[in-house]
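Okay, thanks for coming, everyone. I'd like to walk you through a structure that's probably new to most of you, so let's get it up on the screen.

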Amino acid sequence: MVATEAKAPAGRRTSLTVVSGLLGLSTLATRMTTLVVMAFLTRGAGIEAVGFYGMATLTASFTAAALSLGLPTYLTREAAAGTVSPPVVARIHGGRFAVLMAAAAVAYVLIGVLLPPEAQLAFFLIFVASLFEQWNETAWVLIRGTRAAWAEPLTNTSTGLLLVGACAVDVWLMNGLTLHDAAVYFVTASVLRSTAAVLVVRILPSLRASRGIRSAHHIRLALPYFASDLLGLFYFRGDVFILAFFVTAAEVGEYVSAAAIIGPAVQVAASMGVGALAYAAPQRASGTSQANDPLTVFQFFGLAGQGAAGVMFIGLPIATVVLFGDQAGNIPELAMVLTLFLALRFANFGLSAILLARGRAASRLVVLVLSICGSIGLNLALDGRYGAYGAACAMVLNELVVAGSLLWFLRIKELVWPVLFSIGSVAAAAWALAGLLTVMGSASASFAIGAIMLALATARFVAQRRAAGQLQPATTEDT
């Protein structure tokens, strides 16, 4: 890396809530608009069309992760830390476009061989649209954590509303949304979103100044992130595969449906983790007083996880009735167990962000390997005896493996008790939930646990704000 590439980060936000929250809002906006469009598509073209959409986006996600070589995560950290310049990001962003479009050309040939003719074009367009969404990640890194970070959720929300509007007009005029029409709207919205990203972060001026940039050097540095990103995809998919060997298709369907309810919240937590990485990296690089304060990051995620779980518990009875009606079966109870996983997952995303901000991508890779091994072992031990409930419990228990592994590699004593407190809180909620389910219905138990968790999260938030307010005058006086 040449010396001119490293520069101090400018215009960075100091609020972890703002940095992480903006990325969470961005993901939530995209997820919500997609859910609305899926509802239109289900009513117009049937569940098979939704299945084609799911397969296309999943295939695109694995393709993009395999071809991105960890560069989006790497650049999120390094751009925030000021160790890579906008021309470097621009050159890599342009290179990723060429690679992903080459992959789309190969996919076009394979789709023509593997899929029925009536679904080929729609599948390809949705595949390309998803590739565009993955491509945007290396453009947005230039403003994540800066005062211009609001442009990312605003762009995603605006194009999402245009997508919903186009589909709604189609439903009104054509009496039902077809898979082909939905695919056209998806790819159009994705192209608009990608174009806006390029213009907002001013990629083109930086690209003209990128001559002489050694992209290969940065690709080598990103490889540890590549392995962890790819393994992360397998980590979130392996439980269903193992469960299918032990239970009926109906029980697998119940588990997948319950997991789908909390899926958007998990994605929001992942995006907030990226925001925390952008928040922590520049502080470490600049050597400010908060550079060695990982407790701030973990407390933020622990509090967010407890609050998110409380809201989820309160909303579960309503969501399951609206989505599944009388066919809900065991989905509400499975979703309750998985909501406990959500609280732990938020906290672990905070620990992971701390690890990455300290340049420990290789250690995170080991953590992922350990978590995959833990998931396989727990599912093999529990699924055969307890079925879908065993898979749900395995997901919760495996987060203890993740937390322990992250703590081991971080070696930060100040985090031990907060992590244990977070785990203890979830264990207490699980014990209380089990007791409530013996004396009342699942809906009432879910409401009660949610109200308690939300009240405790609010009390913790108020206490932390008061402590911060008392610390601020002293810090200012010392300065």
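Let me start inside, with the second largest cavity: its lining residues split into three nonpolar, four polar and one charged. Before I go on, keep in mind that this is a predicted model.

So who are those lining residues? They're Gly302, Gln306, Ala343, Ser422, Ser425, Val426, Met453 and Arg460. Three helices each give two or more residues to that lining: H13, which is 294-324, H16, which is 416-439, and H17, which is 442-478. And which helix gives the most? That's H16, with three residues. As for volume, we're talking about 80 Å³ of space in this second largest cavity. Searching the whole structure turns up five cavities of 30 Å³ or more.

Now, let's stay with H16 and look at a partner. Helix H14 covers residues 331-357, and it packs with H16 at an angle of about 175°, the axes being 10 Å apart. Angles over 145 degrees count as roughly antiparallel, so that's what H14 and H16 are to each other. On the H14 side of the contact you've got Met336, Leu340, Ala343, Leu344, Ala347 and Leu351, and they meet Val419, Ser422, Ile423, Val426, Ala429, Ala430 and Leu433 in H16. What classes of residue do we get in the contact of H14 with H16? Twelve nonpolar, one polar and no charged. You may recognise some names here: Ala343, Ser422 and Val426 are in this contact, and Ala343, Ser422 and Val426 also line the second largest cavity.

Okay, over to another part of the chain, and to helix H5. Helix H4, residues 86-114, packs with H5 at about 165°, again with the axes 10 Å apart. That makes the two roughly antiparallel, and the crossing of H4 and H5 is right-handed. Among the H4 residues in this contact are His93, Arg96, Phe97 and Tyr108, and the H5 residues they and the others meet include Gln120, Phe123, Phe127 and Trp135. By class, the contact of H4 with H5 comes to 15 nonpolar, four polar and one charged.

H5, residues 117-135, has another neighbour too: helix H8, residues 179-200. Their axes come within 8 Å and cross at roughly 20°. That makes H5 roughly parallel to H8, and this crossing is left-handed. In H5 the contact includes Leu121, Leu125, Phe132 and Glu133, while H8 brings residues including His180, Phe186, Arg193 and Val198. The split for the contact of H5 with H8 is 15 nonpolar, three polar and two charged. Watch Val128, Phe132 and Trp135 of H5: they're in the contact with H8, and they're in the contact with H4 as well.

That's my tour, so over to you for questions.

Methods: Residues numbered from 1 in each chain as written. Predicted model: local features only at pLDDT ≥ 70, side-chain atom pairs only at ≥ 80, totals over all residues. Heavy atoms only, no water. Axes fitted to C-alpha atoms, helices over the stretch in contact; angles between N-to-C directions. Helix = DSSP H or I, 4+ residues; strand = E, 2+ residues; numbered from the N terminus. Parallel < 35°, antiparallel > 145°, perpendicular 65-115°, else oblique. Left-handed = near helix turned anticlockwise from the far one by under 90°. Contact = heavy atoms within 4.5 Å. Nonpolar A, V, L, I, M, F, W, Y, C, P; charged D, E, K, R; others polar. 1 Å grid on protein atoms, 1.4 Å probe; cavity = no way out; pocket = protein on both sides within 12 Å on 5 of 7 lines; lining within 4 Å. Points joined across faces, edges and corners; volume = space filled by probe spheres on them.
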